[in-house]
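Work through the three exercises below with the structure at hand. Each task is followed by its solution.

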Amino acid sequence: MSTQLSESAQTRRAVSNILKGSAGNLVEWFDVYIYTAFSAYFAVHFFSSKDPLQSNLEAMAVFAVTFLMRPIGAWFFGRYADRNGRKAALTLSVTMMSAGSFAIALLPTKEVIGIWALVLLVLIRLLQGFSVGGEYGTSATYMSEAATAKRRGFFSSFQYVTLIGGQMLALLVLVILERTLGKDVLGEWGWRIPFALGGVAALVVFWIRRSMEETISAEQTAAAKAGATGGEAQPGTMKLLFTQHWKSLLICIGVTLGGTMAFYTYTNFTLSFMQNTSGIAKETTSVISFWALFIFMLLQPVYGMISDRVGRRPLLLWFGISGVLLTWPLLSALAGTKDPFTAFLLMMGGLLIVGGYTSINALVKAELFPASIRALGVGLGYAIANSLFGGTTPLVGAAFQKAGQVEIFFTYITVGIGISLLVYIFALKNKKSTHLDHEQGHAWEPAEAPAVPGGGRKDDEKDLVDASRR
C-alpha cells in the first residue's frame, strides 16, 4: 500500500511540476508564433514592398534571422540551467519574452520613425529568439527530469502539446480578431493586440514558475560554483560538452534536423502556402490550420504513451520512413487543391507523420546527456539544427514559391528527413539504459536502488556508457 501511495505522490508531484513548466512553454511559443500568424497584417507597417509575396518573403526573412540567436540563447541558458538550476533559467527566459512582446505591441511604424521601425523590430525579434533558444532546451530537460520513470514519454510530450498549443492559440486569436475587428482594423492597429496579450500572459507565468521544484541536485550547483578541480570540467560548460559528449551533441543535431524541417513545413509554412499557391482565402486557411493543429496537439500524449510501451525509436522510424515516402505526394497534392476540406486532410496527414518526432524528440535528446550537461547539450543541439534548417524552412519555401519552383522545396524537405532517418537507424537503440534511467529511475526495468531526485547516483555514472554508443 505504501508503494502505491508513494507512486501516487510521485505522479501528483510530476503533474504539478509539468504543468508549471509547460505553462511557460505555451506562452513563449505563443509569443513566437503570433509574429507569423499576423505578419500578413503588420508587414505593410514595417516593410516597404507592396507586393504580398515580396512582403511575406521579407517578413519570413526576419523570422529566419531570429533563429540565428537561438544557439546563443541555448548556450547562455543551457549553461545557466546546468549551473544555477532549471527553475532560474526558465524564469529568466519567460521574463525576456514578455519584455519583447510588450515592445512590439508599442512599436512605432515606419510611417512614424521610418527605417528605425524595421531596425527595432529585428532587434526585438532577436531578443525573443535568444529567449526561446533557452526555453526549448531547458524546458525539455526539466520535463524529462520531472516525469516519472515509466511515463517519461507521456509527460515529456507535453512540451510539444504546449509548443503546438502556443501556435494554435495564436491562430485562435487571429480567427477571433478577423471575425470581430475585420481586416481593415486588424491591419491598421489590431495586430498589436496579440503581442500585448503575450506580454501579459508571460508575466502570469513568471508568477506561476516561482513555485516550481528544482530537478538538479544541490551537489551539481555547488560543483559549478566551486570551479574546476583536478582538471575536471565544470558542469554546464562547453569544455565538458565538447570533450566528453560531442558524439551525443552530433546525434542530437541529427535527430532534430529532419524533424524541425517537417514541423515548420506543416505547422508554419503551409499557412502562406495554402494562401499563395493553393489560392485558398486567408480566413479559411486560418480555420484549417487551427483545427489541424488542435487534433495534432491532442495526439502528442497518445504518441508519448505509445513510446512508453514500445520504446522511442519505433516512433522516430515511423516519422522518418513515412516522411521520406509521403512528403512529396502530400505537398504536391496540397499545391493543386482549392478545396478547404481536402487541404485540411492533406495537412493532417503530414502532421500525423511529424507526430512521431514531435511527441518524443525532447525526451530522446534528454536521454543522450547526463544531468551535468543536459540543458546545454539538448538546447545547443536543437538550436543549431533549428537555426540552420527549421527556422529557415518558411524562408526557403517562400523563396521557391516566388520563383515558381515549389517542387524543389518538396525535395529539400524530403532530403532533410532522410538524413535524420539515417541517424534513427544507425545511431539509436531501443529500450536501452540511459542517463535519465540511472539518475531518475529505470523506464524499462526496475532500478537497483532508489534514484536521487534531480541528481543521480555516482556509482551509476561510473558504469554508464555514453549515450552516443547505445
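Helices here are DSSP runs of H or I with at least four residues, numbered from the N terminus. The model is a predicted one.

**Exercise 1.** Place Leu123 in its helix, then describe that helix and the surface patch to which Leu123 belongs.

Solution.
- Step 1: Leu123 is part of helix α6, which covers residues 116–146.
- Step 2: The 31 residues of α6 span 44 Å from first C-alpha to last, close to the 45 Å expected at 1.5 Å a residue.
- Step 3: Of those 31 residues, 24 are buried, and α6 is thus mostly covered.
- Step 4: Leu123 joins Ile115, Trp116, Val119 and Leu120 in a nonpolar surface patch of about 490 Å².

**Exercise 2.** Decide whether Phe409 is buried or exposed, and list its contacts beyond four places in sequence.

Solution.
- Step 1: Phe409 sits in helix α20, residues 406–426.
- Step 2: Buried means under 20% relative accessible area. Phe409 has 1% relative accessibility, so Phe409 counts as buried.
- Step 3: With neighbours within four places set aside, Phe409 is in contact with Thr265, Phe269, Thr393, Val396, Gly397 and Phe400.
- Step 4: From Phe409 to Ala399 the C-alpha distance is 9.1 Å, with their positions 10 residues apart in sequence.

**Exercise 3.** Locate Lys431 and classify its accessibility and its phi angle.

Solution.
- Step 1: Lys431 belongs to the loop between α20 and α21 (435–440).
- Step 2: Its relative accessibility is 40%, so Lys431 counts as partly exposed.
- Step 3: Lys431 is not a glycine, yet its phi is positive, about 55°.

Technical notes. Residues are numbered from 1 along each chain as its sequence is written. This is a predicted model: local features need pLDDT of at least 70, side-chain atom pairs count only at pLDDT 80 or more; totals for chains, interfaces and linings use all residues. Side-chain values use heavy atoms; hydrogens and water are left out. Patches are made of residues with over 30% relative accessible area and no salt bridge: like charges are joined within 9 Å, nonpolar side chains (Val, Leu, Ile, Met, Phe, Trp, Tyr) within 5 Å. Accessible areas come from the Shrake-Rupley method with a 1.4 Å probe; for residues, only the protein chains shown count as cover. A salt bridge is a side-chain nitrogen of Lys or Arg within 4 Å of a carboxyl oxygen of Asp or Glu. Helices (H or I, at least four residues) and strands (E, at least two) are DSSP runs, numbered from the N terminus. The expected span of a helix is 1.5 Å times one less than its number of residues. Buried means under 20% relative accessible area, exposed over 50%, partly exposed in between (1.4 Å probe, protein chains only). Contact means heavy atoms within 4.5 Å.
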